[in-house]
Amino acid sequence: MTTVLITGAAGNVAGQLRPGLEGLDLRVTDKRAAPGWGPAEVVTGDLSDPVFAARAVDGMDAVIHLAANPVPSAPWADLRGPNVDAAATVLDAATTAGVAKVVLATSVDVAGGHVRPGEVIVEPSWPARPCCGYGATKAFAEAYGYAAAATSGTAVLCLRLGLCMPAPTTTGNLAEWLAPADLRRLVRGALAADVRYGVYFGVSANTRRLFDLGNAREELGYEPVLDSERFAHIVRTGPPGLCAVKE
């Protein structure tokens, strides 16, 4: 996988991922300007437009699809276009163009309804149980990705990312933190993996575990090294993250 399209290039996750993409021939895209990508080809447009999506994926070995509205509390009207329509359009364009692999950024919120801190470790094989409309859009993306992989030559790997930040912000997200360095390990592992379709949790090696990383270790070679516990004594006290709900 040497020619790679990065969508959502102006976003927070893409900015943290960028230092881990050395050696790849990159094309990047966003609806707005995406500075800081050096020699990468930059194309600007709306990925829910099939014509633009086809142009964006043309000639690529792989797509890392990060573009989305990342606000869990956003209303459906604000989520549907970037999270549902664009995801489907990118997957359609990738399969039509014969792109070998799509690495699809989803979210731990897909499984938020399973979360019971201190009671259970959530397995990636469990049925989707989103905790919010945002999580529901990501569950759709995973399902559409499965259909794309099953009916084409394109592999689809879904990464359920946790809180992608340099450091956790409250005690409530210590369990779902994904450090930038571990994000890079996870994505590079997904690009290299020989997997047709898979769903994997993307969090760091946190002492406060909520999500099982077994298949990410086995199939992607993902070995996270950062632990949010190092911040436990300095972050402010806060409730469980949005993915933690009670029935």
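In this predicted model, the contact between helix 2 and helix 3 brings P50, A53, A54 and V57 of helix 2 against T89, A93, A94 and A97 of helix 3. The residues of this contact comprise 7 nonpolar and 1 polar, with no charged residue among them. Helix 2 covers residues 50-57 and helix 3 covers residues 76-97; their axes come within 9 Å and cross at roughly 50°. That angle makes helix 2 oblique to helix 3. The crossing in which helix 2 passes helix 3 is right-handed.

A97, one of the helix 3 residues that meet helix 2, is partly exposed, its relative accessible area being 44%. Across a sequence separation of 56 residues, the C-alpha atoms of A97 and G153 lie 10.0 Å apart.

**Packing of helix 3 and helix 4**

Helix 3 also packs with helix 4, at an angle of about 15° and with the axes 10 Å apart. The two helices are therefore roughly parallel. Helix 3 passes helix 4 in a right-handed crossing. On the helix 3 side the contact is formed by W76, L79, N83, V84, A87, A88, L91, D92 and T95, and on the helix 4 side by G133, Y134, T137, F140, A141, Y144, G145 and A148. By class, the residues of this contact are 11 nonpolar, 5 polar and 1 charged.

**Helix 4 and its surroundings**

Helix 4 runs over residues 133-150, a stretch of 18 residues. From its first C-alpha to its last, helix 4 reaches 26 Å, close to the 26 Å expected at 1.5 Å a residue. Which residues of helix 4 are buried? They are Y134, G135, T137, K138, A139, A141, E142, G145, A148 and A149. The elements that cover these buried residues include helix 3, strand 5 (101-107), strand 6 (155-161) and strand 9 (197-202). Among the buried residues of helix 4 are Y134, T137, A141, G145 and A148, and these five names also appear in the contact with helix 3.

**A buried position in strand 6**

Strand 6, one of the elements covering helix 4, contains L159. Is L159 buried or exposed? With a relative accessibility of 2%, L159 counts as buried, because the cut-off for burial is under 20%. Leaving aside residues up to four places away in sequence, L159 touches V103, L104, A105, T106, S107, L186, V187, A190, Y200 and L220. Of these contacts, V103, L104, A105, T106 and S107 fall within the residue range of strand 5, while L186, V187 and A190 fall within that of helix 5, residues 180-192. Y200 falls within the range of strand 9. N206 is 47 residues from L159 along the chain, and their C-alpha atoms are separated by 17 Å.

**Partly exposed positions in helices**

Two further positions, G15 in helix 1 (residues 12-17) and A181 in helix 5 (residues 180-192), can be set beside A97 of helix 3. G15 is partly exposed, with a relative accessible area of 27%. A181 is likewise partly exposed, with a relative accessible area of 28%. The table lists sequence and C-alpha separations for selected residue pairs.

| Residue pair | Separation in sequence | C-alpha to C-alpha distance |
|---|---|---|
| A97 and G153 | 56 residues | 10.0 Å |
| L159 and N206 | 47 residues | 17 Å |
| G15 and G38 | 23 residues | 12 Å |
| A181 and P166 | 15 residues | 8.9 Å |

Note on methods. Residues numbered from 1 in each chain as written. Predicted model: local features only at pLDDT ≥ 70, side-chain atom pairs only at ≥ 80, totals over all residues. Heavy atoms only, no water. Axes fitted to C-alpha atoms, helices over the stretch in contact; angles between N-to-C directions. Helix = DSSP H or I, 4+ residues; strand = E, 2+ residues; numbered from the N terminus. Parallel < 35°, antiparallel > 145°, perpendicular 65-115°, else oblique. Left-handed = near helix turned anticlockwise from the far one by under 90°. Contact = heavy atoms within 4.5 Å. Nonpolar A, V, L, I, M, F, W, Y, C, P; charged D, E, K, R; others polar. Expected span 1.5 Å × (residues − 1). Buried < 20%, exposed > 50% of the residue type's maximum accessible area, 1.4 Å probe, protein only.
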